[in-house]
2 protein chains.
Amino acid sequence: MKSRIGIKDIALKAGVSKGTVDRVLHNRGNVSPGARAKVIAAMKELDYQPNIIASALASKKSWKIAVLIPDSQKDPFWEQPKIGILKAEKSLRDYKVVIDFYPFRDADREHFLQQGEEILEKEYHAVLISPSFFKEGQTILKKFEEQKLPYIQINTFLNRESEYFLAYIGQDSYTSGLLAAKLLNFGINEGACAMILHLEKEAYNAKHLTDKEKGFNDFFSHNKKRKIEIIRGSFGDIFDKNGLHKYIEEMLIEHPNIQGIFVTTSKAFHIVSILKELGKTDIKLVGFDLIEENLAPLYDDKIHFLINQNPQKQGFLGIMNAFNHLVLKKEIKHVQLLPLDVVMKENVQYYLEEKAKELHLVF
Amino acid sequence: MKSRIGIKDIALKAGVSKGTVDRVLHNRGNVSPGARAKVIAAMKELDYQPNIIASALASKKSWKIAVLIPDSQKDPFWEQPKIGILKAEKSLRDYKVVIDFYPFRDADREHFLQQGEEILEKEYHAVLISPSFFKEGQTILKKFEEQKLPYIQINTFLNRESEYFLAYIGQDSYTSGLLAAKLLNFGINEGACAMILHLEKEAYNAKHLTDKEKGFNDFFSHNKKRKIEIIRGSFGDIFDKNGLHKYIEEMLIEHPNIQGIFVTTSKAFHIVSILKELGKTDIKLVGFDLIEENLAPLYDDKIHFLINQNPQKQGFLGIMNAFNHLVLKKEIKHVQLLPLDVVMKENVQYYLEEKAKELHLVF
DNA sequence: AAATTGACTGTGCACGTACACAGAATTAGA
DNA sequence: TCTAATTCTGTGTACGTGCACAGTCAATTT
């Protein structure tokens, strides 16, 4: 039973000391070209695989990661990614991964920049960032690059050509629109209307919503076999109950043949009661996210499908990818789109369980 | 910057040596009640969390796990769980987890028992088993229990009351039947027929198929609002192309109003060409598993939904749970049902990617 | 009383790598 | 050629835990 080969085996084979092997391994310099070549040859020949356990134990340095995401106090969506981040931190504790949060107030560009500057002043090995604002995001990311600080984006994607841009992890909005269209198309009759409904302020300005809409439209324009008319709706102030009710009512009067509605945000539950009041209980409803308010209508067959994007995973995988890059020196994929789960009452349990489970992705 | 507390901190606090702390930690005995109490108190007070990194490094013992599953040469389904197992082994290599395979020839009860006995003769810390045969499975599991050998079941579940039964990880057949029914119901009109079709020898004898059927039937009997007639079909020899063609043809003549078919196995693709030949292109098709043959019809809108059970995960999570139990001494859930993913051409990419990705779940 | 047993306890090395430090070899400058 | 600076190399300790071993003390046996 020969045990795994370690640096001392390489040292022996290369005719040097383990100190020299270590210097080659970590590019610490001060190694003669000859010795270096011999070490590298020995490593290859013996197929050396570093023992990350011993490495983590011996290493003094801790890996510091800064997290720049919206404050979850203001926007409950961000609680989930944050939970994912904390889970990742916990499972990597023994690897000396330390995480500091720099939450910024939602929609506050100034605060976003401010917190970004704060990170730049400290010494971090990587940053996990949701660059919510286009212009300010570019500014900060550029500064990160200048300081040779690698970063991973989650949720919002700003495309940049830089070796310090490690990865984007997030949702695939366009495809989710396609998916919603497919589901509605499956459930409604030929000649009927399908409605896409944005319940969000400045929906025209939110890229993820316009992407969803594009996917939704593309599905129907590519499926010419069936004739389905598409209606577009948009209503910003969801707290204006009466206004929303009136808006939906007028829409349904104008287009009495609407058989399905795709709500592009997590607010589908707002529509449920309105449809009930209007006596339109046979309209198919597709929405997003397994939030509390959406679950009751799902169980109740009022919402037919919820598309789930597992926001916890965004945070979790973000940290895990940083770990893979920093500690394990692994190649990581630059764009990682999370699965779009089609959730209905019959399989919702699995996805809720997954939320609660303490699954820890490593390596 | 105070570092994490270790056994020597506890030793100091409890006024004993780290050797004694170690004995308490691992229940090695030979500790006086007084010392034991002091150590436990100190551990609680300081909230001691063992450093699994250092532990894994120092520990001499390797964790040996035997795997008793069907030979993947004979049944390609088992390739996926095997890949999952090998991934898990790779990512746990530094933790000294070693896996030995004991594949048995499909449908060969004698060989199954034989390989089981083989395992019993060696010294293993745990077994991962798919107890395909009811009677023989019980026999082997009983022997495992007698030898105090913990086991984890995958894919097939034999319920046993034993502390050595660690977990079952597998599919939820009943719910997958429900799910298929829901999807078909969504896509077909009131008054139409829905067909459930088993393409498997001795389908009446396969529990997972009868469970699927039960789920399928229950959905419609609980949803009395819509009148959908259910037809049951079963055909064993899928290599008899003509026979199958004839069978389907007769079914469709007898029940011309069939608008949807649920194939309870991964063989849905066999039906596609037959339906085409019969000119019945508007029948909705729901099947199982992202195997190669099913993908083309899925892209082609011939198969509408595939229910995916991620067979790789069965193997992967099986090993990971054994690891959690053996090494990390964590509580693991006794029954873990894998998510039922609803896959359509628009989101299939994510699930195929996941198959290829080297994601490693730990802890 | 001496010897033996057994329960209990402390000490110290090992795991494989990181890293500090000292010492050797080489080079540069005069 | 010699010295000083620089580059290169080997040695040894540390990380936190597991575990072997030796040692202490009281109870029991001879």
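Helices are DSSP runs of H or I with at least four residues, numbered from the N terminus. In this predicted model, helices of both chain A and chain B contribute to the surface near DNA strand C. A total of 26 residues surround the strand, and sugar and phosphate make up 66% of the strand atoms that come within 4 Å of the protein.

**Composition of the surface near DNA strand C**

- The closest residues are A:Ile7, A:His26 and A:Ala58 from chain A, with B:Ser17 and B:Ser32 from chain B.
- Classified by residue type, the surface comprises 10 polar, nine nonpolar and seven charged residues.

**Helices that supply the surface**

- In chain A, helix H1 (7-14), helix H2 (18-25) and helix H4 (52-58) each provide at least two residues of this surface.
- In chain B, helix H2 (18-25) and helix H4 (52-58) likewise each provide at least two residues.
- H2(B) gives the largest share, with four residues.

**Polar side-chain approaches from chain A**

- A base nitrogen of DNA strand C lies 2.9 Å from a polar side-chain atom of A:Lys18.
- For A:His26, an N or O atom of the side chain is 2.8 Å from a phosphate oxygen of the strand.
- A:Asp22 places a polar side-chain atom 3.2 Å from a phosphate oxygen of DNA strand C.

**Domain layout of chain A**

- The domain assignment divides chain A into domain 1 (7-50), domain 2 (63-171 + 311-339) and domain 3 (173-308).
- Between domain 1 and domain 3 of chain A, the C-alpha centres are 62 Å apart.

Terms used: Residues are numbered from 1 along each chain as its sequence is written. Chains are lettered from A and ligands numbered from 1 in the order in which they are written. This is a predicted model: local features need pLDDT of at least 70, side-chain atom pairs count only at pLDDT 80 or more; totals for chains, interfaces and linings use all residues. Side-chain values use heavy atoms; hydrogens and water are left out. A residue is near a molecule or strand if one of its heavy atoms lies within 4 Å of it. A polar contact is a pair of N or O atoms within 3.5 Å; within protein, one must be able to donate a hydrogen and the other to accept it, and residues adjacent in sequence count only if both atoms are side-chain atoms. Ala, Val, Leu, Ile, Met, Phe, Trp, Tyr, Cys and Pro count as nonpolar, Asp, Glu, Lys and Arg as charged, and the others, Gly among them, as polar. Domain bounds come from an automatic or database domain assignment.
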